[in-house]
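Me: Please take one part of this model and look at it closely, following its surroundings and its partners step by step. I would like a single connected account rather than a list.

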Amino acid sequence: KLQTLYKIMSQFDVTIIGSGPGGYVSAIRCAQLGFKTAIIEKYATLGGTCLNVGCIPSKALLASSEEFEKIGHHVANHGITVGKVSIDIAKMLARKDEIVTKMTGGISFLFKKNKVTSLKGHASFVGKDAEGYQIKITGKDAGTVSAKNVIIATGSKARHLPGITVDNVLIC
């Protein structure tokens, strides 16, 4: 039996690989439905590309840039006069980081509230038996977990998995 080859850390009803928007929402919902749920994330923070380096940080910086543009070029039409407008990039970046930290912390809070187990490391399938799929974790929470069901939510970085045909259908 595979369990004799790998020490099973824990057994879960559902394990999600990837903690981006698809992964963390799935994890919370599975836990709310009463499933013993775990999520495996290889990066230091939850939220995936969108929350950590993509959409959210970009939108935070864009909002600051738009305010700069508005004050510098568009408030005069409203009868507002301002002096020389300057930009503090370090402060903009700090604001962006604060937003990202608050949102990743929100995911962590929801995981604790809904009893989702968060595991840090890289996940790979190592087998399947009557108990479920065995998933090896390398990294901070190294070990092996067993899951009856697995959701692969690896997100924005396209990877072609062996034996899986990619149909290039985009689901948002």
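**A close look at helix 5 and its surroundings**

Reply: Gly 83 is found in the loop between helix 4 and helix 5, and this loop serves here as the way into the helix. The model is a predicted one, and what follows should be read in that light. Gly 83 has a relative accessible area of 56% and is therefore exposed, since exposed means over 50%. Although Gly 83 and Gly 72 are eleven residues apart in sequence, their C-alpha atoms are 8.9 Å apart in space.

Before going along the helix, it helps to place it in the chain. The chain holds five helices and six strands, and read from the N terminus its elements follow the order α-β-α-β-α-α-α-β-β-β-β. Of the 172 residues in the chain, 30% are buried. If one takes the contacts between residues at least 6 apart in sequence, 59% of them join residues at least 24 apart. The accessible surface comes to about 11,200 Å², and carbon and sulfur atoms account for 59% of that area.

Helix 5 itself covers residues 89–114, and helix 4, which spans residues 55–73, is one of its partners: the two axes come within 9 Å and cross at roughly 140°. Helix 4 is therefore oblique to helix 5, because an angle has to be over 145 degrees before it counts as roughly antiparallel. The crossing of helix 4 past helix 5 is right-handed. On the side of helix 4 the contact is formed by Ile 56, Pro 57, Ala 60, Leu 61, Ser 64 and Ser 65, and these meet Met 92, Leu 93, Arg 95, Lys 96, Ile 99, Val 100 and Met 103 of helix 5. Sorted by character, the residues of this contact are nine nonpolar, two polar and two charged.

Further along, Thr 104 also belongs to helix 5. Its relative accessibility is 10%, so Thr 104 counts as buried, the limit for that class being under 20%. Once residues up to four places away in sequence are set aside, Thr 104 touches Thr 45, Leu 46, Leu 51 and Asn 52.

Helix 5 also packs against helix 2, which runs over residues 21–32; here the angle is about 20° and the axes are 9 Å apart. That makes helix 2 roughly parallel to helix 5, because angles under 35 degrees are counted in that way. Helix 2 passes helix 5 in a left-handed crossing, whereas helix 4 passes helix 5 in a right-handed one. The residues that make the contact are Tyr 24, Ala 27, Ile 28, Ala 31 and Gln 32 from helix 2, together with Ile 107, Leu 110, Phe 111 and Asn 114 from helix 5. Seven of the residues in the contact of helix 2 with helix 5 are nonpolar and two are polar, with no charged residue among them.

Phe 111, placed in helix 5, deserves a closer view within this contact. With a relative accessible area of 3%, Phe 111 is buried. Not counting residues up to four places away in sequence, Phe 111 touches Tyr 24, Ala 27 and Ile 28, and also Ile 39, Leu 46, Val 116 and Ser 118. Leu 46 is thus touched by Phe 111 and by Thr 104. Phe 111 and Tyr 24 are 87 residues apart along the chain, yet 8.4 Å separates their C-alpha atoms.

Ala 27, which takes part in the contact with helix 5, leads on to Ile 151: the two lie 124 residues apart in sequence and 9.1 Å apart in space, C-alpha to C-alpha. Ile 151 sits in strand 6, residues 143–152, and is partly exposed at a relative accessible area of 29%. Leaving aside neighbours within four places in sequence, Ile 151 is in contact with Val 14, Thr 15, Ile 16, Ile 17, Ser 26 and Cys 30.

Past the end of the helix, Lys 115 lies in the loop between helix 5 and strand 3, the latter covering 117–120. Lys 115 is exposed, with a relative accessible area of 71%. Its phi is near 60°, a positive value in a residue other than glycine.

Notes: Residues numbered from 1 in each chain as written. Predicted model: local features only at pLDDT ≥ 70, side-chain atom pairs only at ≥ 80, totals over all residues. Heavy atoms only, no water. Axes fitted to C-alpha atoms, helices over the stretch in contact; angles between N-to-C directions. Helix = DSSP H or I, 4+ residues; strand = E, 2+ residues; numbered from the N terminus. Parallel < 35°, antiparallel > 145°, perpendicular 65-115°, else oblique. Left-handed = near helix turned anticlockwise from the far one by under 90°. Contact = heavy atoms within 4.5 Å. Nonpolar A, V, L, I, M, F, W, Y, C, P; charged D, E, K, R; others polar. Buried < 20%, exposed > 50% of the residue type's maximum accessible area, 1.4 Å probe, protein only. Areas by Shrake-Rupley, 256 points an atom, 1.4 Å probe, with all protein chains shown as cover.
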